[in-house]
Amino acid sequence: MNEASVGFQCPECVSEGRRSVRPARTAFGGGAAGRHGYVTKALIAINVLIMLVSIASDRGGDAAAGGTGFGGLMGGSTPLTEWGAVLGRAMFLDGSIGGVAEGQWYRLVTAMFLHYGVLHLLLNMWALWVLGQSLEAVLGPLRFAALYFIAGFGGNVAVYVFSPPNQMSAGASTAIFGLFAAIFVIMRRLGRDTSAILPILVINLIFTFTVPQISIAGHLGGLVFGGLMALVLAYAPRSHRTLVQAVGGTVIMVLLLGAALIRTVALLA
């Protein structure tokens with residue numbers, strides 16, 4: 001028997017009671033473990049680790065010092081960023097041709113984990129820390145991870161579709177802009193005040209359009225598709241919430257892949 005606050009309970013009764021208790025869920029169907037921010041912390045750790053690998057791959061040391069970006073703040077490219085950044089189709093110095101159109105589809109994913117210089121990384125990671133913890137706590141780990149991936153992937157597809165094919169782009173800002181849109185949608189859905197979010201978003205959009213070397217297509221693409229995924233997560237009917245959220249995310253991914261395929265056909269034509 002197990003001692004309880006009042007009397008004793010048999011082990012079988014305790015086990016049965018634990019099985020009958022439903023795990024705590026968030027307002028949008030996610031797991032309560034999101035309040036610990038495990039996914040946010042893991043994403044930051046992955047980005048930092050990849051930045052260290054990127055610096056190590058650059059024997060000239062240009063990435064850490066910042067060499068070719070806006071006032072040196074955005075940093076220069078490294079062999080790793082050249083390998084993993086979004087690139088439509090271009091010829092490299094050795095005469096080889098590379099890019100997403102040449103079958104390097106991994107670039108649409110790897111680009112969201114690469115950065116041009118330490119300051120570029122720090123700005124994005126600070127935003128991820130602030131936005132990610134709040135969103136993960138409300139959405140749960142799995143739904144937040146899906147939101148982050150779709151926003152980042154959507155931004156990279158937008159770069160591929162709308163930017164010159166020989167222009168490289170990388171950074172977590174595609175996903176970060178998706179988180180900006182998502183937190184606005186989620187706060188509105190919960191009936192909370194969003195007046196503090198709009199000025200920050202407007203300021204970031206001003207920087208997007210005025211600062212050189214920033215991918216407009218990437219930021220706007222992340223904003224749009226992060227917002228769309230947030231709408232799916234926030235407004236899915238309670239009765240079939242998980243199914244609608246999964247189907248909605250799948251539809252968005254299919255649309256993105258379709259846009260990338262059309263762009264590929266156009267570049268190879």
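**Pocket, helix and salt bridge in a predicted model**

Trainee: How much space lies in the second largest pocket?
Mentor: This is a predicted model, in which local features need pLDDT of at least 70 and side-chain atom pairs count only at pLDDT 80 or more, while totals for chains, interfaces and linings use all residues. Residues are numbered from 1 along each chain as its sequence is written, and side-chain values use heavy atoms, with hydrogens and water left out. A pocket here is an open set of points on a 1 Å grid over the protein atoms alone, where a 1.4 Å probe fits, with protein on both sides within 12 Å along at least five of seven lines. The space in the second largest pocket, taken as that filled by probe spheres set on the points, is about 180 Å³.

Trainee: Which helices each supply at least two residues of the lining of the second largest pocket?
Mentor: Lining residues have an atom within 4 Å of a point; among them are Arg143, Met229 and Gln245. By class, the lining has six nonpolar, three polar (Gly counts here) and one charged (Asp, Glu, Lys or Arg) residues. Helices are DSSP runs of H or I with at least four residues, and those asked for are H7 (141–162), H10 (216–235) and H11 (241–268).

Trainee: Is Ala175 buried or exposed?
Mentor: Ala175 sits in helix H8 (residues 173–189) and touches Tyr148, Ala151 and Gly152, not counting residues up to four places away in sequence; contact means heavy atoms within 4.5 Å. Buried means under 20% relative accessible area, exposed over 50% and partly exposed in between, with a 1.4 Å probe and protein chains only. Because its relative accessible area is 0%, Ala175 is buried.

Trainee: How far apart are the end C-alpha atoms of residues 243–266?
Mentor: An unreviewed UniProt entry annotates residues 243–266 as one of its spans named "transmembrane region", and such annotations may be inferred rather than shown by experiment. The span is 100% helix and 0% strand (strands being DSSP runs of E, at least two residues). Its end C-alpha atoms are separated by 35 Å.

Trainee: Which residue forms a salt bridge with Glu102?
Mentor: Side chains of opposite charge can pair when their charged atoms come close. The rule asks for a side-chain nitrogen of Lys or Arg within 4 Å of a carboxyl oxygen of Asp or Glu, and the count comes to one salt bridge. Glu102, partly exposed at 34% relative accessibility, has its closest N and O atoms 2.4 Å apart in this pair. The partner, partly exposed at 33%, is Arg89.
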